[in-house]
Amino acid sequence: MLAKQPVSSSSVRILVLSPDYTDFCWYRALLAEDGELSTDLTWCPDLVDCEDLLRNAHFDVILWDCVFHGGSEKAFLHYLAVSGNDKPVLAVSAESPAELANELLGQGAADYLSKAGLDPWSLRRAVRCLWYRGQLGETEQGQLRREVASGFINRDLFFDRLQQALLRAERGRQRLALLHLNLDNFRSLNESIGYQESDQLILKLADRLRTSLRRVDSLMRIGGDEFAVIVEKVEDSLAISQIIRKVVSSLDDPFVVAGQNLLVSASLGVASYPEAGDTPETLMRRANRAMFEAKRDAGTSYRFYDQQLHINAGYQLRLEADLRNALRGHELELYYQPRIDLATEDVRGVECLIRWNHPERGLVSPDEFIPAAERSGLIVPIGYWVIEQACARLQQMADLGYPGLVFAVNLSFRQFHDRKMTETIFRIIYNANVDTSLIELELTESAMMHDLDYARRCLRELNQLGVSFALDDFGTGFSSLSNLQNLPISLLKIDKSFVQQLGRSADAEHIIRAIISLAHSLQISVVAEGVETDGQLEFLRQEHCDEIQGYYFARPMPWQELIDFLHNHSQAACLQQ
Ligand code: C2E
Ligand code: CA
Ligand code: CA
């Protein structure tokens with residue numbers, strides 16, 4: 001019925017994402033003479049405005065010229081899906097349709113048109129189609145919202161919604177998870193606080209749940225004390241477990257209802273597509289079964305229908321919880337690996353490497369927990385703890401009679417992009433009262449190159465304080481050394497994967513040689529990491545590599561061992577003289 005109504009009263013608002021004004025005028029002209037559909041076009045030629053417009057203005061359709069993206073079409077579509085509140089995206093590209101169309105549709109574009117031969121008729125048809133679809137969706141959503149607020153949702157509507165989501169997941173070859181949440185002991189709660197109050201509680205709970213979810217997830221109340229959440233566009237069990245973590249922790253604080261503080265717990269069952277089934281009915285049944293399993297555990301708990309997912313997600317969540325305790329419970333410790341000057345064989349400094357003394361698992365290596373710390377954001381406080389600890393040790397080192405040793409600390413991607421980074425590092429260093437020229441921060445290429453302007457600003461600010469920077473794992477990324485010219489980087493660390501190929505691959509020799517000569521031409525010193533053999537050492541010496549770090553000289557060691565190592569090393573040096 002809607003499709004037949006002329007819509008001259010309300011025009012279709014279209015956001016045109018295209019760098020080219022001529023193209024914009026062309027689209028406008030193509031759409032201009034549609035008697036049935038009046039359109040209102042907004043031109044947006046750059047990414048910054050795009051973010052602003054998506055957030056603050058309202059559009060019905062996004063017309064996206066595929067050359068408009070910040071680096072990757074796929075990532076940009078994903079961004080539009082999240083920031084554009086799922087507004088339909090009509091992709092237009094100069095490339096021939098067949099393959100690209102499928103790809104873009106699979107990644108979330110609602111329709112695709114090729115620029116070659118684009119005519120008024122096909123553009124209008126596509127826009128009209130998307131607009132009508134949007135209108136239908138909105139009425140459905142509006143209804144959903146009302147039903148969630150007032151009470152129960154229509155079962156058919158829920159299954160229909162789930163069916164649509166499943167189709168999208170199938171088309172996009174993505175995962176989907178259905179969460180079934182049930183409040184524990186709702187009946188006795190009902191009896192003790194009264195029906196009206198428990199209804200208020202449910203509404204408050206729905207509000208909290210909604211804020212803990214992403215915009216693309218849909219929350220529905222499907223029973224008196226039951227909710228279902230459709231979680232779309234999830235890559236793996238990890239992404240699902242992050243969402244569960246948020247849902248679970250949204251129940252941590254008590255709810256205030258009629259002046260009373262009420263603590264509630266819930267049981268969650270999770271069934272995922274494709275592992276647990278591919279129809280709405282099977283998924284719902286299995287999420288329900290998993291929820292009943294979760295009821296066996298006390299407090300808020302969750303279960304996956306799929307056991308392997310349960311194990312993976314459980315492992316991640318436990319790891320994160322343990323890590324939080326580790327930071328509080330002083331289970332973290334720094335190890336130190338000496339860096340040796342190749343010409344003099346003196347120890348020039350140490351790299352501080354974190355270790356976790358897990359009460360049950362023993363020493364856990366950073367490769368295992370740093371990724372989890374990054375994902376949960378815990379890396380930020382952990383990183384600052386590392387800098388504090390390094391500063392304290394730096395002072396002790398001078399007192400022990402080894403002044404002038406450089407302390408290198410690793411900064412993770414997330415920590416480097418923490419808004420308070422420079423300020424916090426300033427404060428730590430200032431409080432510690434250390435010689436800042438002895439502090440070196442190691443960053444990877446990707447952390448630096450992600451946003452060069454930001455990197456330049458932060459590096460300069462900290463550099464003015466005396467802190468120096470090293471580019472870590474060099475060679476594994478794709479940055480060109482010319483980017484480094486404008487950054488205050490004084491050291492480059494060749495990744496151990498190249499060093500370990502020495503003697504086995506001629507390429508590794510060429511690469512290392514090129515890196516050293518290029519770095520030297522920019523007045524940047526070079527450290528080779530992961531040196532284990534005489535052969536590697538000799539090659540690096542011949543190529544005038546400045547310093548080496550590796551098991552050949554020393555492994556990372558605890559503080560006390562480092563002191564012994566330095567003692568022995570300086571004695572050996574005295575004997576040689
Ligand atoms: P990385 O920064 O590249 O650190 C060097 C890694 O190489 C260390 O691993 C070190 O033990 C290892 N290594 C050194 N010499 C040799 C050698 O001769 N042979 C071999 N096979 N390996 C060698 P580790 O300590 O396990 O640390 C792994 C990674 O974890 C580090 O790589 C770094 O990216 C990260 N990490 C360690 N501590 C911290 C920290 O405090 N903060 C952050 N953000 N990341 C850290
Ligand atoms: Ca490092
Ligand atoms: Ca490294």
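**Close-up 1. Glu442 and Asp472, two acidic residues tucked inside.** Glu442 has just 1% relative accessibility, so it counts as buried (that means under 20% relative accessible area, with exposed being over 50% and partly exposed in between, using a 1.4 Å probe and protein chains only). Asp472, at 6%, counts as buried too. A quick word on what you're looking at: this is a predicted model, where local features need pLDDT of at least 70 and side-chain atom pairs count only at pLDDT 80 or more, while totals for chains, interfaces and linings use all residues. Residues are numbered from 1 along each chain as its sequence is written, chains are lettered from A and ligands numbered from 1 in the order in which they are written, and side-chain values use heavy atoms, leaving out hydrogens and water.

**Close-up 2. The calcium ion (ligand 2) and its protein donors.** Which residues hold this ion? Glu351 (OE), Asn410 (OD1), Glu442 (OE) and Asp472 (OD) are its protein donors, lying 2.2 to 2.3 Å away. Donors here are N, O and S atoms within 2.8 Å of the metal (3.2 Å for Na, K and Ca); water is not among the atoms, so sites may look incomplete. Along the sequence, the donor residues follow the spacing E-x58-N-x31-E-x29-D. Glu442 sits in strand S17 (residues 439–444) and Asp472 in strand S18 (residues 468–474), so this pair ties together parts that are 30 residues apart in sequence. Strands (E, at least two residues) and helices (H or I, at least four) are DSSP runs, numbered from the N terminus.

**Close-up 3. The calcium ion (ligand 3), next to ligand 2.** The two calcium ions are 3.8 Å apart, and Asp472 coordinates both. For ligand 3, the protein donors are Asp472 (OD), Asp473 (OD), Glu529 (OE) and Glu529 (OE), at 2.2 to 2.5 Å. Yes, Glu529 is listed twice! The sequence spacing of the donor residues reads D-D-x55-E. Asp473 is partly exposed, with a relative accessible area of 26%.

**Close-up 4. Ligand 1 and the residues around it.** There are 23 residues around ligand 1, and Gln337, Arg355, Lys496, Glu532 and Tyr551 come nearest (a residue is near a molecule if one of its heavy atoms lies within 4 Å of it). Look for two oxygen atom contacts: a polar side-chain atom of Glu351 is 3.2 Å from an oxygen atom of ligand 1, and a polar side-chain atom of Asn410 is 3.1 Å from an oxygen atom of ligand 1. Both Glu351 and Asn410 are also donors to the calcium ion (ligand 2). Taken alone, ligand 1 exposes 800 Å², and the protein buries 86% of that (areas come from the Shrake-Rupley method with a 1.4 Å probe). S14 gives the largest share of the shell, four residues.

**Close-up 5. Backbone oddities at Pro274, Glu345 and Asn433.** What kind of peptide bond runs from Tyr273 to Pro274? It is cis, with omega near 5°, and Pro274 is found in the loop between strand S11 (266–273) and helix H10 (280–294). Glu345 has phi near 60°, a positive value in a residue other than glycine; its loop runs between strand S13 (332–341) and strand S14 (347–358). Asn433 also has a positive phi, near 55°, and lies in the loop between helix H15 (421–432) and S17. Are these two buried or exposed? Glu345, at 32% relative accessibility, counts as partly exposed, while Asn433, at 60%, counts as exposed.

Technical notes: A polar contact is a pair of N or O atoms within 3.5 Å; within protein, one must be able to donate a hydrogen and the other to accept it, and residues adjacent in sequence count only if both atoms are side-chain atoms.
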